[in-house]
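Biologist: I am new to this structure. Please walk me through the terms as they come up.

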Amino acid sequence: MSWIDIYLSDGNPEGVFNADAQKALTYMGRWRDIPYHWLVYRKSDLKLAEILAFLVLDIVRHRAYRRGFNTLLETKGKDTCE
Amino acid sequence: MSVALPEEIHTVTQTNSSVIVASRNRHQQLEELINSVINLDPLPYELVIVDDASDKPIEESIQFKESDLRIRIFRNDPNQGPAKARNTGVHRSRGSILLFTDDDCIVHPQWAGILVKRLVTGSPDLGGIGGKVIARDTDIFSRYFEFHQILNPKPHDKMNPKRVPYLVTANCAIRKDTFMRAGGFDCNIPIAGGEDVALSLKILKQQLFLEREENAIVWHRFKPGLRNFHHTFFRYGLGGRYVVDRYLPL
């Protein structure tokens, strides 16, 4: 699931993130979401080592995403179009 | 997997479709993409490559195989980002159907024909078609992208299960007039992240819809390594914030 899926689909961000879609976007990847991810991986046919690796990647992904999401606020307004 | 394509679709693809690719310093991967485009059946009218200020110019660095495919290369210098590069490609293109893919992808032999068929036979309100993106490699990063279907937008309208909320530049087709009416890619986004979603939202604002075509396949190479993985999602976050602030709510 990507940020835009959450935002546009209004699928079930409440169920996953306990927030509306816009809010969910600002704090994707909280520690308390890890058990949810674990459950999703466990229900799939992933091996334990793969599940652990995926959980690490989840953390990296969401930390990176949040850093990017907050960084643009500082650089916003630059106009690089001709 | 092979899809029957009527003769009319062969003709439209060969005379009216342009494949647009922006590239920067990925010559080997670009060469693999070009080889896969050369093998398309039907061939598109042309392949337009925009060199986004690669250190070594693409035109001088790649050995082009002899083929019937028209390959046209343009160069943006200095580097202006993938959004601007793709806009350059579109402005230089001659086809009325635009097929986008990335320089780190390779395409299925019927990719162009299948996308063209969907656009040509689809409703006039169809703003664009997104194909399926599959990971090329089997490392843990590729498997993660594949598991989460990061580049495959999920249908979100239960009444219209083929509709998707956005397209990705790795694999999509848009009519040129739709693209121009939308104003093209937002070149305020200088990175690879969010520019395709921004364009999609501008298309949706025209009261058009976007659909998915599972049979139009590209294989995408995801850069391995934790640093690259981090950088990818950092870019998505940057682009995501810009899109949220500028384009949402619709």
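Modeller: Start with contact: two residues are in contact if their C-beta atoms, placed from the backbone, lie within 7 Å. This is a predicted model. By that cut-off, B:E195, B:V197, B:A198 and B:L201 in α8(B) meet B:G239, B:V243 and B:Y247 in α9(B). By class, this contact has 5 nonpolar, 1 polar and 1 charged residues.

Biologist: Why are α8(B) and α9(B) called roughly parallel?

Modeller: Look at the angle. The axes of α8 (residues 195-204) and α9 (residues 226-247) of chain B cross at roughly 20°. Angles under 35 degrees count as roughly parallel. The two helices are therefore roughly parallel to each other. Their axes come within 9 Å, and the crossing is right-handed.

Biologist: What makes α1(B) and α5(B) roughly perpendicular?

Modeller: Again, the angle. The axes of α1 (residues 7-16) and α5 (residues 111-121) of chain B cross at roughly 105°. The range for roughly perpendicular is 65 to 115. The pair is therefore roughly perpendicular. These axes come within 9 Å.

Biologist: Which residues of α1(B) and α5(B) meet?

Modeller: From α1(B) come B:I9, B:H10, B:V12 and B:T13. From α5(B) come B:A112, B:G113, B:V116, B:K117 and B:V120. By class, that makes 5 nonpolar, 3 polar and 1 charged residues.

Biologist: How do you know that α5(B) is mostly covered?

Modeller: A residue is buried if 20 or more other C-beta atoms lie within 10 Å of its own. In α5(B), 9 of 11 residues are buried. Among them are B:W111, B:I114, B:L115 and B:L119. B:A112, B:G113, B:V116 and B:K117 are buried too, and they also meet α1(B).

Biologist: How much of each chain is buried?

Modeller: In chain A, 27% of the 82 residues count as buried. In chain B, 52% of the 250 residues do.

Biologist: What elements does each chain have?

Modeller: Chain A has 5 helices and 0 strands. From the N terminus on, its order is α-α-α-α-α. Chain B has 9 helices and 8 strands.

Biologist: What makes chain B as compact as a globular protein of that length?

Modeller: Its radius of gyration is 17 Å, close to the 18 Å that the globule rule gives for 250 residues, so the description fits. Along its principal axes, the C-alpha trace of chain B spans about 45 × 45 × 35 Å.

Biologist: In each chain, what share of contacts joins residues at least 24 apart?

Modeller: Count the contacts between residues at least 6 apart in sequence. In chain A, 34% of these join residues at least 24 apart. In chain B, the share is 83%.

Biologist: Where are the cis peptide bonds you can point to?

Modeller: One joins B:D41 and B:P42, with omega about 5°. B:P42 is in the loop between α2 (27-38) and β2 (46-51) of chain B. Another joins B:D77 and B:P78, also with omega about 5°. B:P78 is in the loop between β3 (70-75) and α4 (82-92) of chain B.

Biologist: Why mention the phi of B:N25?

Modeller: Most residues other than glycine have a negative phi. B:N25 is not a glycine, yet its phi is positive, about 55°. B:N25 sits in the loop between β1 (17-23) and α2 of chain B.

Biologist: Why is B:N25 called partly exposed?

Modeller: B:N25 has 16 other C-beta atoms within 10 Å. Buried needs 20 or more, exposed needs 12 or fewer. The count of 16 falls in between, so B:N25 is partly exposed.

Methods: Residues numbered from 1 in each chain as written. Chains lettered and ligands numbered in written order. Predicted model: local features only at pLDDT ≥ 70, side-chain atom pairs only at ≥ 80, totals over all residues. Helix = DSSP H or I, 4+ residues; strand = E, 2+ residues; numbered from the N terminus. Axes fitted to C-alpha atoms, helices over the stretch in contact; angles between N-to-C directions. Parallel < 35°, antiparallel > 145°, perpendicular 65-115°, else oblique. Nonpolar A, V, L, I, M, F, W, Y, C, P; charged D, E, K, R; others polar. Rg over C-alpha atoms; globule rule 2.2 N^0.38 Å. Left-handed = near helix turned anticlockwise from the far one by under 90°.
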